[in-house]
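Dear colleague,

Please find below the structure that I am handing over to you. A short account of what was found in it follows.

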Amino acid sequence: GVAPVCVESVTWPAARYDLLAAFFVLCALICAAGCVGRGHCGRARLVAVTLLVSAAILSKEVGYATPLLVAALALSRNLWSAPRGPIPAQLLVAAGIPAAIGIIVRLAIYHGLGGYNYAQGSSPVFGFSPRTVWAATTRLLIIPFALNTADGIGVLAEAALVLFAIAGFLGALRYSNSLSRENAGIALCAVLSALPALAILGWVGPSMGASRYLYLPSVWIAMLLGRTLSGPKMRAPLLLFVLGAAAATASNLLCYREALTLAERARSTVEAGAQAHGPIDSICLAELPEYSHGLLFFGDQVLEQIRFGLRGRSIAVRLAGPACCGSANRTLAYRWNPSTRSLQLIGRAPQ
């Protein structure tokens, strides 16, 4: 309920595909667990597994981890007192076929596994470098806290968060005597769930601000923490963790609220300028950031807010660099001031 990693997936409606993917993956695992528990699979359950894996993959790439999770579930069946009979091979086939088809389709269409192609014609996915590996590692290790680290936080602060997370895990495992094979199995599922995120190592940036791509791994981490912190001697650490997670959630929510407030303030500034400077044909916004404190599409949000405020008026609103804002038409030009986090009027083209 207070897990900060859930903030972006829940607060941002466009991120519902992360929730849908996690939902379908977990449903597929529930069906697979029924097969492994019985030692055999009925036709209806196999069809259900195939459809659920397909739905997960169509929702988000994290669904490609499902066959690996199903295999881990089958191989670890002795951890939860399942029959020791043969692993239902048809179950692995049912989970693997949608993933194989998805990969084949991607190779046929994208001539690779996909990703965004920028102006230079190459995709930044699968780009390994010290920076990308460090960025992905920090987000994996601070899943329980998942502070918005994409903007406004230095390397030392990130390192402190990572060290705190490692110390917390090791301390909890040490003092709760929870170094068990069951917990190791849950940790393995968290790692397998995070494997699809490795594809965007070269694209780690604002889009990983609230770690929404790690929503599914956070489910396993939460399960592991629940088992680790449930002992009678762990009430104080549990309370501290819940308070820390709640504080991180509040911080992330405040980032979203502030972004919406800034967008509304920008709309009011432009509306007031349009009224004060007489008839104009267009409004130019220069150096408007794409994101604010790690929140994607902040610039688009500001643009849409302004257009909504000027609806019904024949005024074009566009983004451009400062040098491109001059025009022979009647144009108001604004520049984003990062220190005040507001739009400032920089000129008005002659009538």
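Why does the sulfur of C31 form no bond with the closest cysteine sulfur, in C27? Please keep in mind that this is a predicted model. The two sulfur atoms lie 7.2 Å apart, which is too far for a bond, because a disulfide requires cysteine sulfur atoms within 2.5 Å. C31 nevertheless counts as buried, since its relative accessibility is 17% and the cut-off for buried is under 20%. C189 is buried as well, with a relative accessible area of 12%.

The picture is otherwise for another pair of cysteines. C35 and C41 are joined by a disulfide, with an S to S distance of 2.2 Å. Both C35 and C41 are buried. A search of the whole structure finds one disulfide.

I turn next to the empty space inside the model. Two cavities of 30 Å³ or more are present in the structure. The second largest cavity has a volume of about 40 Å³. Its lining is made up of D18, A22, V62, R212, Y213, Y215 and L216. Two elements, α2 (16-38) and α9 (215-228), each give two or more residues to this lining. Sorted by class, the lining of the second largest cavity holds five nonpolar residues and two charged residues, with no polar ones.

I would suggest locating the disulfide between C35 and C41 in the view above, and then the residues around the second largest cavity, including D18 and R212.

With kind regards

Definitions and conventions. Residues are numbered from 1 along each chain as its sequence is written. This is a predicted model: local features need pLDDT of at least 70, side-chain atom pairs count only at pLDDT 80 or more; totals for chains, interfaces and linings use all residues. Side-chain values use heavy atoms; hydrogens and water are left out. On a 1 Å grid over the protein atoms alone, a cavity is a set of points where a 1.4 Å probe fits but cannot get out, and a pocket is an open set with protein on both sides within 12 Å along at least five of seven lines; lining residues have an atom within 4 Å of a point. Grid points are joined across faces, edges and corners, and a volume is the space filled by probe spheres set on the points. Helices (H or I, at least four residues) and strands (E, at least two) are DSSP runs, numbered from the N terminus. Ala, Val, Leu, Ile, Met, Phe, Trp, Tyr, Cys and Pro count as nonpolar, Asp, Glu, Lys and Arg as charged, and the others, Gly among them, as polar. Buried means under 20% relative accessible area, exposed over 50%, partly exposed in between (1.4 Å probe, protein chains only).
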